[in-house]
Amino acid sequence: MMQPVAQSTAHPITHPIAWPKVKRSLVAILRGIGPAEAEAIVGTLIEVGFELIEVPLNSPDPFASIERLAKRFGGDSWIGAGTVLSAADCARVADLGGRLMVSPNVDTDVLATARERQMVSMPGVFSPTEAFLALRSGASALKFFPASVLGPSGIAAQLAVLPKETIVGAVGGVSDKNLAAYVAANVRCFGLGSSLYRPGMTAAEVRVTALASIGAYDRALAEAATPAQT
């Protein structure tokens, strides 16, 4: 008599918190920003068209910045933290009103906490092994980092084996100057750091870089949507 085959439950897939429906999947990475300047800089970014704001936790007094930003802009924008390395820090960001969790690595405890707190999560990955672990752990999106090392072709090769619905972002060395090459490789989400903001920049200076980034993104998507001439 044949015995029924037991289904494995060793690695259940965790359903993620969905990536937000934003006009442009551009994450502003504000590494080095301080509480005193945060509201002016982020106000400018949101006015120009950014909806996803990341304050890395290795910035000066990051939790104070996140709290201020979440109170002022959190209703209409996705405010959160980057360089989140522990579940405790993830929970603290959520307590302050943060809804976005970005990390440089795949930490299943951090991802579990983000999901429990209804946060959108974007862990850093470099290989298919890390990518599938992140998805199985409930990641909302994947951050291919550093994108400058993988390049558009390296990310495109991994896209071929990932689930079609996966939100894939390129972060690290991406700017308005080379963003189009990644769009041509079917990447539609980007994290923009030093090309967008560097410590000491004024809101007026950030407006210029933000407009350049959004212009490059919109042009690249429009070009990608245009049928090739034969």
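**Which residue in E8 is the bridge partner of Leu 26?**

Before we solve that, a quick word on the model. It is predicted, so local features need pLDDT of at least 70 and side-chain atom pairs count only at pLDDT 80 or more, while totals for chains, interfaces and linings use all residues. Residues are numbered from 1 along each chain as its sequence is written, and side-chain values use heavy atoms, with hydrogens and water left out.

**Exercise 1. Find the partner of Leu 26, then look at what surrounds strand E8.**

Step 1. Get the labels straight: helices (H or I, at least four residues) and strands (E, at least two) are DSSP runs, numbered from the N terminus.

Step 2. Strand E1 (residues 26-29) and E8 run parallel, joined by three bridges. Two strands pair if DSSP finds at least two bridges between them.

Step 3. Here's the answer to the opening question: Leu 26 has Phe 190 as its bridge partner in E8.

Step 4. Now try strand E7 (residues 168-171), which is also parallel to E8 and joined to it by three bridges. In this pairing, Ala 170 is the residue opposite Phe 190.

Step 5. Check where the side chains go. From strand E8 (residues 189-192), Cys 189 and Gly 191 point one way, Phe 190 and Leu 192 point the other way, and all are buried. Buried means under 20% relative accessible area, exposed means over 50%, and partly exposed is in between (1.4 Å probe, protein chains only).

**Exercise 2. Count the disulfides and explain the number.**

Step 1. Start with the rule: a disulfide is a pair of cysteine sulfur atoms within 2.5 Å.

Step 2. Take Cys 90. Its closest cysteine sulfur is in Cys 189, 18 Å away, so the two are too far apart for a bond.

Step 3. The count is therefore zero disulfides.

Step 4. For the surroundings, Cys 90 is buried at a relative accessible area of 0%, and Cys 189 is buried too, at 1%.

**Exercise 3. Check the length of helix H2 and work out which side is buried.**

Step 1. The expected span of a helix is 1.5 Å times one less than its number of residues. For the 12 residues of helix H2 (residues 62-73) that gives 16 Å, and the end C-alpha atoms are indeed 16 Å apart.

Step 2. List the buried residues of H2: Pro 62, Phe 63, Ser 65, Ile 66, Leu 69, Ala 70 and Phe 73. They cover an arc of only 155° around the axis, so they sit on the same side of H2. (The arc is that of the directions from the helix axis to the C-beta atoms.)

Step 3. Flip to the face turned away from that side, and you meet the exposed residues Lys 71 and Arg 72.

Step 4. What does the buried side pack against? Its partners are helix H1 (35-48), strand E2 (52-56), strand E3 (78-82) and helix H3 (87-95). Contact here means heavy atoms within 4.5 Å.

**Exercise 4. Track down the nonpolar cores.**

Step 1. A nonpolar core is a set of buried Ala, Val, Leu, Ile, Met, Phe, Trp, Tyr and Cys residues joined through side-chain atoms within 4.5 Å.

Step 2. The largest one has 57 residues, and those touching the most other members are Leu 30, Leu 45, Phe 50, Leu 142, Phe 144, Ile 155 and Phe 190.

Step 3. Another core, of 13 residues, lies apart from it and includes Ile 17, Leu 52, Met 122 and Ala 141.

Step 4. Does this fit a wider pattern? In soluble globular proteins, nonpolar side chains tend to be buried together.

**Exercise 5. Spot the unusual backbone angles.**

Step 1. Know what to expect: most residues other than glycine have a negative phi, and most peptide bonds are trans.

Step 2. Look for positive phi. Asp 61, in the loop between E2 and H2, has a phi near 45°. Thr 83, in the loop between E3 and H3, has a positive phi of about 55°.

Step 3. Look for a cis bond. Phe 145 and Pro 146 are joined by one, with omega about -10°. Pro 146 belongs to the loop between strand E6 (142-144) and helix H6 (147-159).
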